[in-house]
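I opened this notebook page to record what I looked up about the ligand site, the nonpolar cores and a few single residues. The entries follow the order in which I went through them.

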Amino acid sequence: GFVGNFKTSVRSEGKDYALEHGTIILASGGEEYKPTEYLYGKHEQVLTQMELEQQLTDHSLKAEELKNVVMIQCVGSRNADRPYCSRMCCSQAIKNALRVKEVNPEANIYIFYRDIRTYGFKEDFYREARDKGIIFIRYDEDQEPQVRDKDGKLAMEVFDPLLMQNLVIEPDLLVLSVGIVPSAGREELAKMLKVPLNGDGFFLEAHVKLRPVEFSTDGVFLCGLAHSPKPISENISQAQAAAAKAAIILSKKLIASGGCVAGIDKE
Ligand code: SF4
């Protein structure tokens, strides 16, 4: 279709529905990176931040019994395969670390990071975490932490570039701060709507400053993690902007769409 006159068929629960609509907002989301590193999936005490959050919420994790908790930042991010920063895993780690500290102030919580990117007001949580005794230790990209299974328990070794020596920790919980990856099916969607993807696999807007929620295809807009990893507050602002842009088209009674035609100047 084209602006003001799109036709889409949607299959839901085995039934096909035909929809006619004037605009499209592409909000196909993103996914949590499923790690292959640090014994994830092989040892039950290795979780992602989302899994930790879930277990803290439904109380399936007994945070009051934890002694040593280790979090590793930038897992599967900022490397040759995924060079971008997911922008929210630092804040998520600090938020979860503070939640564990709240339940169990005696727990030792170590966050191994390459850079802490709690930008904006989230920097306050970083300060609070330091005040409450959460320990931040930098690790070098070329000397990532080593984790092994030592008779069923986790054992970890990491080089501290400030102390210039190896640290050895036996965590009873290892939490991986994994990034966000583009959603499956994005290439099919991009072909269908004739819109571009960037080098990281996220959808690319028409112009980063002048048309941040539009594509160059008229009537197709974008928002959310389909565009790039970002926190919920920014996703909401972007969704509102996309909805406002779509409403401009939908509020018109008539849309004139004309093509360019070649003309011949006889002289
Ligand atoms: S937000 Fe933090 S943990 Fe996530 S990729 Fe960026 S620097 Fe790494």
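The entries below go from the ligand to the cores and then to single residues.

Entry on the ligand. I kept in mind throughout that this is a predicted model. I first looked up where the ligand is placed, and I found that it sits in the largest cavity. The residues that surround the ligand are Q73, C74, S77, R78, C85, S86, R87, M88, C89, C90, D115 and R117. By class, I noted that this shell divides into five nonpolar, three polar and four charged residues. When I asked which elements give two or more residues to the shell, I obtained strand β6 (68-75) and helix α2 (89-103).

Entry on backbone angles. Two members of the shell, C74 and R78, caught my attention when I went through the phi values. C74, which is found in strand β6, has a positive phi of about 60° although it is not a glycine. R78, which I located in the loop between β6 and α2, likewise is not a glycine and has a positive phi, of about 55°. I noted these angles because most residues other than glycine have a negative phi. I then checked accessibility: C74 has a relative accessible area of 13% and R78 one of 14%, so each falls under the 20% cut-off and counts as buried.

Entry on the cores. I next looked up the largest nonpolar core, which has 24 residues, and in which V70, I72, F112, L174 and L176 touch the most other members. The elements that each supply at least two residues of this core are β6, β7 (108-113), β10 (153-160), β11 (165-169) and β12 (173-178), and β6 gives the most, with four residues. I followed V70 further and, leaving out residues up to four places away in sequence, listed its contacts as Y110, F112, M156, I169, P171, L173, L174 and V175. Apart from this core lies another, of 23 residues, and I wrote down A63, I94, V100 and A129 as being among them.

Entry on D151. Is D151 buried or exposed? I found that its relative accessibility is 78%, which is over the 50% cut-off, and therefore D151 counts as exposed. I placed D151 in the loop between β9 (146-150) and β10. Lastly, I looked up its separation from K95: the two residues are 56 residues apart along the chain, and their C-alpha atoms are separated by 31 Å.

Terms used: Residues are numbered from 1 along each chain as its sequence is written. This is a predicted model: local features need pLDDT of at least 70, side-chain atom pairs count only at pLDDT 80 or more; totals for chains, interfaces and linings use all residues. Side-chain values use heavy atoms; hydrogens and water are left out. A residue is near a molecule or strand if one of its heavy atoms lies within 4 Å of it. On a 1 Å grid over the protein atoms alone, a cavity is a set of points where a 1.4 Å probe fits but cannot get out, and a pocket is an open set with protein on both sides within 12 Å along at least five of seven lines; lining residues have an atom within 4 Å of a point. A molecule sits in a cavity or pocket if more than half of its atoms lie within 2 Å of its grid points. Ala, Val, Leu, Ile, Met, Phe, Trp, Tyr, Cys and Pro count as nonpolar, Asp, Glu, Lys and Arg as charged, and the others, Gly among them, as polar. A nonpolar core is a set of buried Ala, Val, Leu, Ile, Met, Phe, Trp, Tyr and Cys residues joined through side-chain atoms within 4.5 Å. Buried means under 20% relative accessible area, exposed over 50%, partly exposed in between (1.4 Å probe, protein chains only). Contact means heavy atoms within 4.5 Å.
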